[in-house]
Each structure stands twice: as structure tokens, then as C-alpha cells.
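Visitor: I am new to this structure and would like to learn how to read it step by step. Could we go through a few features together?

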Amino acid sequence: MSAHLSYGRVNLNILREAARKELREFLDKCAGSKAVVWDEYLTGPFGLIAQYSLLKEHEVEKMFTLKGGRLPAADVKNIIFFVRPRLELMDIIAENVISEDKMHSPRDFHILFVPRRSMLCEQRLKEQGVLGSFINIDEYILDLIPYDGDLLSMESEGAFRECYLESDQTSLYHTAKGLMTLQALYGTIPQIFGKGECARHVANMMLRMKREFAGSQTQILPVFDSLLLLDRNIDLLTPLATQLTYEGLIDEVYGITNGYVKLPPEKFAAQKKQAEAGKDLPTEPKKMQLNSAEELYAEIRDKNFNAIGAALSKKAKIISAAFEERHNAKTVGEIKQFVSQLPHMQAARSSLANHTSIAELIKDITTSEAFFDNLTVEQEFMTGVDTDKVNTYIEDCIAQKDPLIKILRLVCMQSVCNNGLKQKVLDYYKREILQTYGYEHMLTLNNLEKTGLLKLQTSTRNNYPTIRKTLKLWMEDANEQNPNDISYVYSGYAPLSIRLTQVLARPGWRSIEEVLKMLPGPHFEERQQLPAGLHKKRQQGENRTTLVFFLGGVTYAEIAALRFLSQMEDGGTEYIIATTKLINGTSWIKSLMDRPEAQAP
């Protein structure tokens, strides 16, 4: 990750340092050489906090992935399990410990639960007869992970499903705890706004925790002026739509995980000539890190994809001009100066080559007929065209057995834009889907109905057109090259979640009371008392800082829209973004599927 993680006035490195300190303290408790056994899901998020070098400094000599059977051989004194509190993982740990005990070397076992200890898990270890083998059982509170200079995520993959399908509020409790940690490091947030049931719960928990810790307030000048909590279910439409920013499309097509993307290797074969000669092409996917530490990526990631070509060719001209400079370097001083800039220039050139390759890969998709047809239907739904009858394009896609998730995204989108589907339209879609893709998807369809993504139209009144007009969710002639409005991120559609954020900053939610009532859940405002002497005197022209927290997931296109608002000349507000999980339509729908392993990607 980049060293410069401060974004405006907020330095998220403070949060990362606090997390590292806690990790060091735990490792020091286990004196002597160590092997770490990882729950695989945690390796990505941990990589954003601590590099392997930090573990090595604290005598971690080996790292293994948690799997059944015997642990690989390691000549170490301590074995530390880093795991999520899941019962099925306890059975694997028990198997590891029992098979290890039979070997004669005495080992010290430790377990670190992330993000919380669990009585149920400890009970399971006890039933398996291994609880007594652990010297240290601890928790490592990894709530909010800094992903970039303005982005935090809890990477809680089931948060939306838990909240809206299973009525399980664990992730909301973690959210409230994470926000309390944030306030301990960055000062009390004076104003809390929110919309939605989950937002209300989180705010209530925060206020309760604050009362419990009343005496132990930190004397820190507040960094954030306000917190906005938004439920994902007040805006179900945005994640279903295809994101059209560069970063959003990389995520739609290849999926970004913990700041990394895996790309088809052929495009990146260094010796193109060699490849043409029929030599072996690399078969491993190319893994690339994507964040603002890379200058070019920071510059282009939030642009609409249609503006990427021009941005890359402009960059290419600048880089070749820089390399041309060497011919003008005459004196020793000038030559020295040129040489000192060379590493930076070469990095820029290689970065340009990478992004040109990625852009070509994506362009092959975005210029295809299939992509265009899909986008056309999405935009028709968003603008209210033919949302109340069976859509012929969706019918054709089902007939051609297109990927099920593509079908589900479109059907859900139609339902959301029409305030539900008529009984016969809904029945028709369900019947076609089950007959084509298999009856095991009945459970998935039920889940989509429970979460409100797919629903029966119960009243003839559709609020969506009113919401669309009032909040200007559709902008004809969105300018993709030089945007003047957030709607550029979806080439015309302004994400509802971000419009609410924008209106809150100016002129305030009172101006849209009617629309707020049409969206699910309460809206509210709370004030938190600041300790005396910590009220901030705002300088003339100084921006406000708002933390926007998405409960249930946020897309890269929404993040781009918030960054756009932060950079507006007269915006007056800088946004930091936090979420339970970074999502796209595909990963989101997948999280609501039962038997996801049985379905095609």
C-alpha cells in the first residue's frame, strides 16, 4: 500500500498503525519462533494492514493455509491460528491440534479470532477435547480496513444477506464498534445523519456505547464534521446497474479483491514476438495491485470508460516527451538530473503499458453487441420505458441460457424500477428461470423476494418516477469526457445513494421530505456532545469532512461519484467512504444465492 494515505485532512494511516500495534502486542505474547495458520479469507484483508516483514520481525517463520489433517512440518515453538469465528473452522483446528499432539514435540497453540471471540466456537473446541491445548485465546478487532486514502471497508462478505435476509444484526454491531474505534482515534463526530432501519440501529448502538464510556472520552479535535449512515436497501437499483467507470468496469469484468485484480496473462506477455513464435504463453493470471499509490491509476480510475482512451494517449505523449528530453541533456548536471528521473519515468511507462492492456481487454467487451444490448435495456428500465411487461430481451437471454446472474440482475432491476412486477409477469419470469436453470434456484428467487429485490406489485402506484424526477436520477446528455454531474459514472444515471448525500450537504434533507418518506426505513439526525473546548472554528473557505457509511455494500461507481463531489470547486464537502463490503451486482446477487457453488460464474 502507498505510504501517503492522507486524503485532505484525514490520515487513515493512524487507523492502520493502531491495528499494527495490536498485532505486534499479540505476537509478542507468544514468545519464541512461530508459524501462523491462516483462515484463507483473512489473508487479503490482513495484507492491507501488515506486510509479511512485520510478522517476520516478530519471529514468524512459517505461514500455512488452514486445512484438515496434519499441519505441515515446522520447527517452531508456537502455532497461531488466525481465524474467523466459524464453527466449521473449529473442527479443522481440532483435527490439526489432535494430529499434532500425537507427534511428540511439545508445541504451544494460540488462537486469534477476527474480528471477535466467540463463546460458541470455544464451546465447539471444548467438545472436540482441544480447548485446553490453547495457551492464548484472543480476539483481533479488525473492523475497518483502510483500502485507500479515502476508503475503508469491513470486508464482511455476508453483511447484506445477514441484515436483510436472516435478520442477524452482528455486522451492525461490528459497524458500531468500528465507528467507536474511529472516534477514539479521530475525535467525536458531532452530527450523525441516517436513512434506513439498519442505519437507525447502528446510530442507537453508537449512542449507547458512548453513554457507557462517558468518562473516558478522548480529547481530540474532531476530524469529521458529520457521519452519514445509509442502508443499502434504500437504493437497490444502483448495484444492479453496470458500472461504467474504469475501476467499476474492471470490477464488473474481472472482480477486484482486496485491492488486487487477476487478469488474463496473454495480454501481458512481455515478449510479444516470442509469443507469436508459438512459444509457451504464461498460463498463470497476471495479478495487479490497484490503488492510488500508482499515479496513473489514481488519475483515471474514476473516469467514465469512454474518456479513458483520450486520457491514456495524452499520458503517452507526456511520457515520450520526457524520454526525448535526454537528447537535450548536454552538461553533466543535466545528464545527472535526467538519470535521477529515469526510474520514475520507467515506472510510469510500464504503468501506462499495463493500463493500455487492461483498457483494450475491457474495450473488447464494451464494444460488443451483447454489452450494448444489455446496457440499452438497463437504461430503458431506469428511464421508465416498458417496465410493466415481460421484456423480450430478458426472454431471449433466458432462451440462450445466458449466465443466470445476468438474468437475475435485469429482472430485479425491472422490479425495482416498477415498484414490483404484476403477478403474471413475475410468475412468467420465475417459471422460465426455474425451467431453464434448474429448480434448485427456487431458494435464490425466494431470497431475492425477501430482500425486496424482486417483488409482487401490490399497489398500482409506482413511486420510482417521482423519486427519479425529484432527485434528477436521470440526466440526458451526461458529459462523459468532462463531467459536470455525478450521473457520468453510469452514463446518465445518478446513483440515488449519492444524490441523497449531495442533497444532505446542500440544501439539506428538509427539501426532499416527501421523497425520503417513499424510501424504506426512517431518516434521522442525532447530535453528539463534544467535550468542552473541542468545538472547531472553521476557517473561511475550509471544507467540511463527511464520513459516508454504506451498510450492506458500496460499488466502485458510487465511490467515484463521491470522489467527484469531493473535488468539485464549490462543493464545500470532502467525503471519506466506509462500507461493510465493496460489491458489484454480480458478487451482491451471488451473496444472496443458495448453493452458489452449483451455479455458473
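Visitor: Leaving out residues up to four places away in sequence, which residues does Asp-251 touch?

Guide: Please keep in mind that this is a predicted model. Not counting residues up to four places away in sequence, Asp-251 touches Gln-243, Ile-256, Tyr-556, Ile-583 and Asn-584, and its own place is in helix 10, which covers residues 246-253.

Visitor: Where is the nearest side chain of opposite charge to Asp-251?

Guide: A salt bridge requires a side-chain nitrogen of Lys or Arg within 4 Å of a carboxyl oxygen of Asp or Glu. Asp-251 is buried and has no salt bridge, the nearest side chain of opposite charge being that of Lys-581, 8.3 Å away.

Visitor: How should I read the strand order of the open sheet, and which strands stand at its edges?

Guide: The order names the strands as one crosses the sheet, and here the open sheet of 5 strands reads 4-3-5-6-7, with parallel pairing. Strand 4 (60-65) and strand 7 (134-139) stand at the edges, and each has a single partner strand, so one side of each is left without a neighbour in the sheet. From one strand to the next, the twist averages 20 degrees.

Visitor: How many bridges join strand 3 to strand 5, and what packs on the sheet?

Guide: Strand 3 (residues 34-38) and strand 5 (residues 78-83) run parallel and are joined by 5 bridges, with Val-37 standing opposite Phe-81 in strand 5. Helix 1 (residues 13-29) packs on the sheet and touches strands 3, 4, 5, 6 and 7, its direction making about 170 degrees with that of strand 7. Helix 2 (residues 40-47) also packs there, touching strand 3, strand 4 and strand 5, and its direction makes about 110 degrees with that of strand 3.

Visitor: How many disulfides does a search of the whole structure find?

Guide: A disulfide needs two cysteine sulfur atoms within 2.5 Å, and the search of the whole structure finds 0 of them. Cys-397 is in no disulfide, as the nearest cysteine sulfur, that of Cys-412, is 14 Å away. For Cys-417, the closest cysteine sulfur is also in Cys-412, at 11 Å, which is too far for a bond. Cys-397 is buried, with a relative accessible area of 2%, and Cys-417 likewise counts as buried at 2% relative accessibility.

Visitor: Where is the place of Pro-483, and is this residue buried, partly exposed or exposed?

Guide: Pro-483 lies in the loop between helix 20 (464-470) and helix 21 (496-505), and with a relative accessible area of 25% Pro-483 is partly exposed. Leaving aside neighbours within four places in sequence, Pro-483 is in contact with Tyr-488 and Phe-564.

How values were computed. Residues are numbered from 1 along each chain as its sequence is written. This is a predicted model: local features need pLDDT of at least 70, side-chain atom pairs count only at pLDDT 80 or more; totals for chains, interfaces and linings use all residues. Side-chain values use heavy atoms; hydrogens and water are left out. Two strands pair if DSSP finds at least two bridges between them. Helices (H or I, at least four residues) and strands (E, at least two) are DSSP runs, numbered from the N terminus. Axes are lines fitted to C-alpha atoms, for helices over the stretch in contact, and angles run from 0 to 180 degrees between N-to-C directions. Contact means heavy atoms within 4.5 Å. Buried means under 20% relative accessible area, exposed over 50%, partly exposed in between (1.4 Å probe, protein chains only). Lys and Arg count as positive and Asp and Glu as negative; His and the chain ends are not counted.
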